[in-house]
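Trainee: I should like a close look at a single part of this model, namely one helix and the helices that pack against it. Please take me through the contacts residue by residue.

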Amino acid sequence: MTESVLVLGGYGAVGKHLVEKLRAAGVEALAAGRDPARADRVIDLADPTSLATGLDGVSVVVNCSGIEDPAVAAAAAARGIPFMDITSTYEYLQQLEQIDGPVLLGVGIAPGLTTLLAVEAAQGGGPVDVAIGFGAGEGGGPASTEFTYGLFGKRFADPDGSQVRNYTRPKSFELPAQAGYPRFPSLRADFGDQHRLTADLGVPVRSYLRLDSRLATVGLAALTWVPRLAALLPDGDMPGGDGWVVAAHGGSGQSHWATGHGQCRATAAIVAEIVQRLLRDPIESPIWIHDWIKLDDLREPLEAAGVEFGTGIAATSG
């Protein structure tokens, strides 16, 4: 029987690239959504009947829709269909951890690639600081924008027990020259893998976010204190480029990084490789990506997709 991958949001910012990459690799990929003109399978995630029918004959489900509903994952897992989501929201990831069935957690750039880089950096000791840089000019689609804006004014638990407001506590990092990012501080942000890694690695793991635009990053820091003004922000791309960079800095100075262009295309390349591995090596219960694969498992295919890897850049305070 032909193995099919159902891509929810399959004609969106990431989904369209994922469908393309899977098909290029010889994997049957079905773009799913509510628009009959663009969808291979018309599925309304708010309609359980529609979802149940859409899962027929599917081997893997990838959620690129931006809709964070654990019932969708549960519906797939109940039929033994592995489910993964490119989301970053910690509360949702916690819900996915409780699903009874095959769910792969932390798939994408952040979390995902950041998670695997942090594991490598932690081998030299902790704490581990994860710096995430996204190109403001690309945005990453509506789901990415909703995540970024959704953090305004919210707090999360730091490994030291204190409460951290998103987009505060600036810290500067030396990032690889290949990323082309001007030097200015990154801001604390609640990416879901930092909590899981802190528990699993036994060292504090902290995530920081910045954009390639100084003005856009300063805007994040300002709006976290007046989140209601976020409604005035544009839905489209902001001034900036499409370059992204992620770097994990260990306590001993050991650092591992990756950089490239096109956040959406890179996310799709990561997910496409993971999907193919999942088809060969199925899972049975919820598992985080770092408990399933290592960074070296992704390095070669991602380099072929234009991602550059490196080591040895130290973090600095600022």
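Mentor: In this predicted model, Ala269, Ile270, Glu273, Ile274 and Arg277 of helix H9 meet Asp297, Leu298, Pro301 and Leu302 of helix H10. By class, this contact of H9 with H10 comprises 6 nonpolar, no polar and 3 charged residues. H9 spans residues 263-280, and its axis lies 10 Å from that of H10, at an angle of about 125°. Angles of 65 to 115 degrees count as roughly perpendicular and those over 145 as roughly antiparallel, so H9 is oblique to H10. The crossing of H9 with H10 is right-handed.

Helix H10, residues 295-304, also packs with helix H5, residues 109-122; here the angle is about 125° and the axes are 10 Å apart. H5 and H10 are therefore oblique to each other. The crossing of H5 with H10, however, is left-handed. On the H5 side the contact is made by Leu113, Leu116, Leu117 and Glu120, and on the H10 side by Leu295, Leu298 and Leu302. The residues of this contact divide into 6 nonpolar, no polar and 1 charged. Leu298 and Leu302 of H10 thus appear in the contact with H5 and also in the contact with H9.

As for the sheet, 7 strands form an open arrangement in the order S3-S2-S1-S4-S5-S6-S14, with parallel pairing. Strands S3 (41-42) and S14 (287-288) stand at its edges, each with a single partner strand, so one side of each has no neighbour in the sheet. Within the sheet, S5 (residues 83-85) is joined to S6 (residues 103-105) by 2 bridges, and Met84 has Leu104 of S6 as its bridge partner.

Methods:
Residues are numbered from 1 along each chain as its sequence is written. This is a predicted model: local features need pLDDT of at least 70, side-chain atom pairs count only at pLDDT 80 or more; totals for chains, interfaces and linings use all residues. Side-chain values use heavy atoms; hydrogens and water are left out. Axes are lines fitted to C-alpha atoms, for helices over the stretch in contact, and angles run from 0 to 180 degrees between N-to-C directions. Helices (H or I, at least four residues) and strands (E, at least two) are DSSP runs, numbered from the N terminus. Angles under 35 degrees count as roughly parallel, over 145 as roughly antiparallel, 65 to 115 as roughly perpendicular and the rest as oblique. A crossing is left-handed if the near helix is turned anticlockwise from the far one by less than a right angle, and right-handed if clockwise. Contact means heavy atoms within 4.5 Å. Ala, Val, Leu, Ile, Met, Phe, Trp, Tyr, Cys and Pro count as nonpolar, Asp, Glu, Lys and Arg as charged, and the others, Gly among them, as polar. Two strands pair if DSSP finds at least two bridges between them.
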